[in-house]
Amino acid sequence: MPSQLMKGNEALMKGAILAGCRAFYGYPITPANEIAETAALYLPQLGGVFLQAESEVAAINMCYGAAAAGARVMTASSGPGISLMQEGVSYLAGAELPCVIADLMRGGPGLGNIHPEQSDYFQVVKGGGHGCYRNLVLAPASVQEMAELTMLAFDLAEEYRNPVFVLADGCVGQMMEPVEFPEVMKVTGAPEWAVTGTAATRHNLIHSIHLEPADLERHIRHLETKYKRAGREILRFEEWRTEDAEVVLVGYGIVSRVLKAAVERLRRRGIAAGLLRPITLFPFPSAALRRLSARAKLFVTVEMSTGQMVEDVRLALEGRAPVEFYGRVGGIIPAAEEVSDFVVRLLTLPQVEEERAWMAMF
């Protein structure tokens, strides 16, 4: 099939449709608007449903209803809208309902601006809403991955009966690249657990309330077991030039593409550098980082934030190697030159050598 040139947001929604999505409820917000526009264009032609909800709160609760009826459903927004959806996301997780949510991150807090950032990591990867649950989170770095990972998200959402986020910075959503799509569109029916029929004939009830403490504990332990299984089965990451790397750069989304150029610049300066890119942010590739620490002397996490994923990098490494952070905010994408210069400065600082010597004692 010939490739098509399009924006990441359009590719995401086309991938969703090919994955069997037939319902979209959302509220417009920059930089995610093209997702809703594409859904509005194509879903009615396929007998599906597009509805611009009156708010993000309404949209996520509409997704709850459609998911309970067995539909493959999604919504999309950016930081402020995702914040409003958090209670509904918690309800979806508690009721074990599959739903795909796209978050095209922009600057914050508050209304911030419409330029790309990566400052929604905490609220998406760490749960955001109340209760003991986790979102499964996929992080595309290209327009092709916007399509592919969204298709994967629908399968994972249904398999694990859980919300799945496609977490992308606004840059990946707005940039244009060629995309190849599969030729076959997936057609799905309602799963056996879905609420179907009338009030008189339906065979089950979807809920997230467990009044007895012991019942709720059993349910939460069940969710916990499911998330541990996901950690074994769906973990995805990319390693690039890490075979001999003594410095490992860590980044996701558009930043990971910048870091490949930074790796090349560092190698031209005689520094053996490599890249680890998490594709699943939950589950997180902790074991891969620990494995790389057997050789690497320094890890540098680069984000378009003041430092959010860096906490998971430090937790993963468990003190095996120093972890430094470099971030830009406000919608500024870090350049390969500034990242490579930052690493060179780190390697020439006496305190870094002292920290390495201290770490070697343990």
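Two strands count as paired here if DSSP finds at least two bridges between them. In this predicted model, strand 5 (residues 99–105) and strand 7 (residues 163–169) clear that bar, running parallel to each other over 7 bridges. To pick out one spot along the pairing, I101 has F165 as its bridge partner in strand 7.

Zooming out, that pair belongs to an open sheet of 7 strands, laid out in the order 3-2-4-5-7-6-12 with mixed pairing. At the edges sit strand 3 (49–52) and strand 12 (280–282), each with pairing on one side only. Going from one strand to the next, the twist averages 20 degrees. Helix 3 (residues 56–68) packs on this sheet, where it touches strand 2 (23–26), strand 3, strand 4 (73–77) and strand 5. The direction of helix 3 makes about 165 degrees with that of strand 4.

Then there is the nonpolar side of things. In soluble globular proteins, nonpolar side chains tend to be buried together. The largest nonpolar core here takes in 121 residues, and the members touching the most others are M13, M74, L249 and F299. Helix 6 (residues 143–160) supplies the largest share of this core, with 11 residues. Both domain 1 (4–233) and domain 2 (237–360) give residues to the core, so it lies between them.

As for M13, what does it touch, leaving aside residues up to four places away in sequence? The contacts are C21, F24, I35, T38, A39, L43 and M74. One of these, M74, is itself among the core members that touch the most others.

Methods
Residues numbered from 1 in each chain as written. Predicted model: local features only at pLDDT ≥ 70, side-chain atom pairs only at ≥ 80, totals over all residues. Heavy atoms only, no water. Helix = DSSP H or I, 4+ residues; strand = E, 2+ residues; numbered from the N terminus. Axes fitted to C-alpha atoms, helices over the stretch in contact; angles between N-to-C directions. Contact = heavy atoms within 4.5 Å. Core = buried A, V, L, I, M, F, W, Y, C linked by side-chain atoms within 4.5 Å. Buried < 20%, exposed > 50% of the residue type's maximum accessible area, 1.4 Å probe, protein only. Domains from an automatic or database assignment.
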